[in-house]
Amino acid sequence: MTNADWNFLLVPKVGKTSLIMSLVSEEFPDEVPLRAEEITIPADVTPERVPTHIVDYSEAEQSDEQLYQEISKANVICIVYSVNNKKSIEKVTSHWIPLINDRTDKDSRVPLILVGNKSDLVEHSSMETILPIMNQYQDIETCVECSAKNLKNISELFYYAQKAVLHPTGPLYCPEEKELKPSCIKSLTRIFKVSDLDNDGVLNDNELNFFQRTCFNTPLAPQALEDVKNVVKRNMSDGVKDNGLTLKGFLFLHTLFIQRGRHETTWTVLRRFGYDDDLELTQEYLFPLLKIPPDCTTELNHNAYLFLQSVFDKHDKDRDCALSPEEVKDLFKVFPYMPWGPDVNNTVCTNDQGWINVSGVPLPVDVSVTRLLTTYLDVQRSLEYLGYLGYSIICEQESQAAAITVTRNKRIDLQKKQTQRSVFRCNVLGAFLGRNLQQQRRIREDHKSFYAISTTYVYGQEKYLLDFDFLSEADLALYKVYSKTPCVVIAAKSDLHEVRQHYSLSPHEFCRKHKLHPPQPFTCNTTEAPSKDIYTRLTTMAMYPHMAQADLKNSTFWLRASVGATVFAVLGFAMYRALLKQR
């Protein structure tokens, strides 16, 4: 919110204009005009540091059309009545509120403040009369009794008006039901799940302190933590469990904040986690600015990789190094929709049950691998997913753009004869995920994926090979070289007898003509997982494109690369198993 326009609607002889002038001059005016000129209060003198425009209205000077225009522009409307005039109170419900409601959209009503002026003229309060009105109309944020003459509650009036704009009750709370609205519950539930770092269903003291620092830049003292939990315990039996705050307890606290007029506490939390005034995640939060120069690609960086490992670990409740369908469903409860379809299980490596798993690599990366695929293909979608998972909150970054590495131009890699990339695109054939022919034939047509991504190792370095045009059955693939893109010819179905190709050149002649390495045999018609040697070779060619037609033909070069990959994978998996047991 950058501006707050406050309309003071005229009820005859209630002192509405005097209130405005008393605020500005800090003294009661001797002469009061029919209408005060529009006043702008600069941001640096308001509690919330928001520039504010105060607009007065006079029936004597302005038309109904001008009134309607002011209503449509207002962010909050103060309806002023006189505490010593019953007719002015009656007109609040008989005239002003119906008029305002008729001129505003039902789904985006303007918050109202009831202002009882001239409290210096009576010894009693009008609250007994006003409370039923407040209960009847949920658009009324609060009521303030004040006096323009002795300046009583003048500053408070403007504070509550500004608060009604910046921290409205309407989207959060239903006064009739005395409970949070469904959209507010949904938003706070996601916040709770993101903040529940170990996914045990409660916020322990460490998680509560992290939440407190994240939202309010200050930790809670140990006694303050206990006081919060004691308040919840006194009001509900299942709000605290194992000395931690449950979701029900978390929601109760926010209900309590709102009921006690501390809406700003809940709004501070919601806005810190990316929500706007309509309790939708903002475009700025989900899609932060990320500049990608031409001929550059995007990858997840190491910190994002570690974050996604923690997401996997957090939801792998049975510690079997795989995510069951129920665990995947639990993971995506922080999303507004299910981002994965059945084709995902045919895009990354899975266990024998078809569940996303660690696939024998040193850490549980398949959730990360899926994100790497998304980041390469659609970085905006990857930013969105990281936003739902709370990356910027948990990793204490300005935005999830900090999770993305933009690689340098490929031409620079070729000039320097080395690359910093971790993800390589390769137009190849299937079986990359360790599925043999029999397993591939069992995949339903609507569950097949056009992509496959998995890890390979070159000289002990973990890299990711992104396989386009994923096929369920292998066929001979001839990929002619354009520009300087490394190329290798695959002789598929190598378990069968070689037959004559319907082409003027044999595969070997084709390779000699184009100065390519001889065709590399490959088959997925095996009882075990197909060999991944060819994928190590492809990744090595992508890492060292300048060597594709020279050293890459050397068998010793390939031996060093593949042996290094095997040793690293075995040692890495053993380390992961050891770490897993320690948990």
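These notes cover a buried strand with its neighbours, then a separate topic, an open sheet, in a predicted model.

1. Start with strand β5, residues 112-117. Of its 6 residues, 6 are buried, so the strand is largely enclosed by the rest of the structure. Buried here means under 20% relative accessible area.

2. Look at the two faces of β5. Leu112, Leu114 and Gly116 point one way. Ile113, Val115 and Asn117 point the other way. Both sets are buried.

3. Strand β4 spans residues 76-82. It pairs with β5 in the parallel sense, over 6 bridges. To find the register, use cysteine 78: its bridge partner in β5 is isoleucine 113.

4. β5 also pairs with strand β6, residues 140-145. The sense is again parallel, and the pairing runs over 5 bridges. Isoleucine 113 serves as a marker here too: threonine 142 in β6 stands opposite.

5. How does the chain get from β5 to β6, and what is the hand of the crossover? The path goes through helix α4, residues 127-136. This β-α-β crossover is right-handed.

6. Now turn to the open sheet. It has 3 strands in the order β9-β11-β10, and the pairing is antiparallel. The edge strands are β9 (202-203) and β10 (240-241). Each of these pairs on one side only.

7. Check the contact between β9 and strand β11, residues 244-246. The two pair in the antiparallel sense over 2 bridges. Leucine 203 stands opposite leucine 245 in β11.

Methods. Residues are numbered from 1 along each chain as its sequence is written. This is a predicted model: local features need pLDDT of at least 70, side-chain atom pairs count only at pLDDT 80 or more; totals for chains, interfaces and linings use all residues. Side-chain values use heavy atoms; hydrogens and water are left out. Buried means under 20% relative accessible area, exposed over 50%, partly exposed in between (1.4 Å probe, protein chains only). Helices (H or I, at least four residues) and strands (E, at least two) are DSSP runs, numbered from the N terminus. Two strands pair if DSSP finds at least two bridges between them. A crossover is right-handed if, with the strands pointing away from the viewer, the path from the first strand over the helix to the second runs clockwise.
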